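Student: Please take a close look at one part of this model, and then place that part within the rest of the chain. I would like the cut-offs for your terms as you go.

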Amino acid sequence: MGGFPKLGLDEKHGACLLLGGRGGKLPRMFERARVGGHLLQNGNRKKNNATIRAILQWNRRPQMAGSPPRVVVVTSGKGGVGKTTTTANIGMCLARLDFKVVAIDADVGLRNLDLLLGLENRVNYTAIEVLNGECRLDQALIRDKRWVNFELLCINKPRYKMPLGFGGKALTWLVDALKKRPEGTPDFILIDCPAGIDAGFITAITPANEAIVVTTPDITSLRDADRVTGLLECDGIKDIKMVVNRVRSDMIKQEDMMSVLDVQEMLGLPLLGVIPEDADVIKSTNRGYPLVLKKPPTLAGLALEQAAWRLVEQDSMKAVLIEEAPAKRGFLPFFGG
């Protein structure tokens, strides 16, 4: 297929669905997607009353904004909102876009990033062995066989007690060591932050200069996300964006779930991406296969791919309220209504 691939709009989930195209890599999307009665569009785009369209650019790579390595912590405060899933899929997207990525699982006691990536059987050394001088840093890094420019670093092995001396300074030392590797500096260092705002959270955010706050459209998650945002700002992290996960447009239309616009107004953060509810997320998690690698691409996979593009270029989305026109009815109900 030459030129631009065709796209359709899935009204149930309100996300762009790829109908045709070439290759497995997903390019930049300048999209306008209806999600629960709201229009999501990239920032600084002119409004257009035409049919919702998506333009895919196959002829360019996203332009890196900022100087590498960019250290990004993925956090939320509340557990179970999709931090690890977001870290795994965005990291894999960045690797597919030819960026060097190192993902650090900073959840010491309950690490899961290796499971989502299907790398749990290859974890022989961790960061603790590196700090204790028992192995080299390159031995603790696990290189993904599907995309060799993606590497995983686990802090500790399950069921092992964390040394009392491990903290923000130790994680900062590891990040500095990654920057000085003979193989070259990674473009992105993604840190999967544990839930809560205790010592593990403080350790994970210490070396970061950017943050992604993952939340869901419910009041408990939003309150925790608001608290985490304040702590990130107090720590000096000013570049904070949010990902709204598990969005269901049918519940939003029935006013059983807050809309994306409501979430953005409550938190006041730039919108990196909106991920619709997708049953394939659970399937990919159980199989240890990131959702963004699935062919054909799923709705949530496309949304995560778009979020990765915006992260590279430090772009954002904007939720805009749309008033839907009432349905036209005939002169009599049985004559056109």
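Tutor: A good place to begin is Gln314, which directly follows helix 11 and has a positive phi of about 55 degrees; helices here are DSSP runs of H or I with at least four residues, strands are runs of E with at least two, and both are numbered from the N terminus. The model is a predicted one, in which local features need pLDDT of at least 70 and side-chain atom pairs count only at pLDDT 80 or more, while totals for chains, interfaces and linings use all residues. Residues are numbered from 1 along each chain as its sequence is written, and side-chain values use heavy atoms, with hydrogens and water left out.

Helix 11 itself has 15 residues, which at 1.5 Å a residue should span 21 Å (the expected span being 1.5 Å times one less than the number of residues), and the 22 Å between its end C-alpha atoms agrees with that. Of these 15 residues, 14 are buried, so that the helix is mostly covered; buried means under 20% relative accessible area, exposed means over 50%, and partly exposed lies in between, with a 1.4 Å probe and protein chains only. On the N-terminal side, the loop between helix 10 (280–287) and helix 11 holds Pro296, and the peptide bond from Lys295 to Pro296 is cis, with omega near -5 degrees.

The packing partner to look at is helix 1: helix 1 (residues 83–96) and helix 11 (residues 299–313) meet at an angle of about 65 degrees, with their axes 9 Å apart, where axes are lines fitted to C-alpha atoms over the stretch in contact and angles run from 0 to 180 degrees between N-to-C directions. The two helices are therefore roughly perpendicular, a label for angles of 65 to 115 degrees, whereas under 35 counts as roughly parallel, over 145 as roughly antiparallel and the rest as oblique. Their crossing is right-handed, which means that the near helix is turned clockwise from the far one by less than a right angle, anticlockwise being left-handed. Helix 1 contributes Asn89, Ile90, Cys93, Leu94 and Arg96 to the contact, and helix 11 contributes Leu304, Glu305, Ala307, Ala308, Leu311 and Val312, with contact meaning heavy atoms within 4.5 Å. By class, these contact residues are eight nonpolar, one polar and two charged; Ala, Val, Leu, Ile, Met, Phe, Trp, Tyr, Cys and Pro count as nonpolar, Asp, Glu, Lys and Arg as charged, and the others, Gly among them, as polar.

Beyond helix 1 comes the loop leading to strand 7 (101–105), and Asp98 sits in that loop. Asp98 is not a glycine, yet its phi is positive at about 75 degrees, and with 54% relative accessibility Asp98 counts as exposed. Before helix 1, the loop between strand 5 (54–57) and strand 6 (70–75) contains Pro69, which is joined to Pro68 by a cis peptide bond with omega of about -5 degrees.

As for the setting, the protein has eleven helices and 14 strands, and 52% of its 337 residues count as buried. Among contacts with a separation of 6 or more, 74% are between residues 24 or more positions apart.
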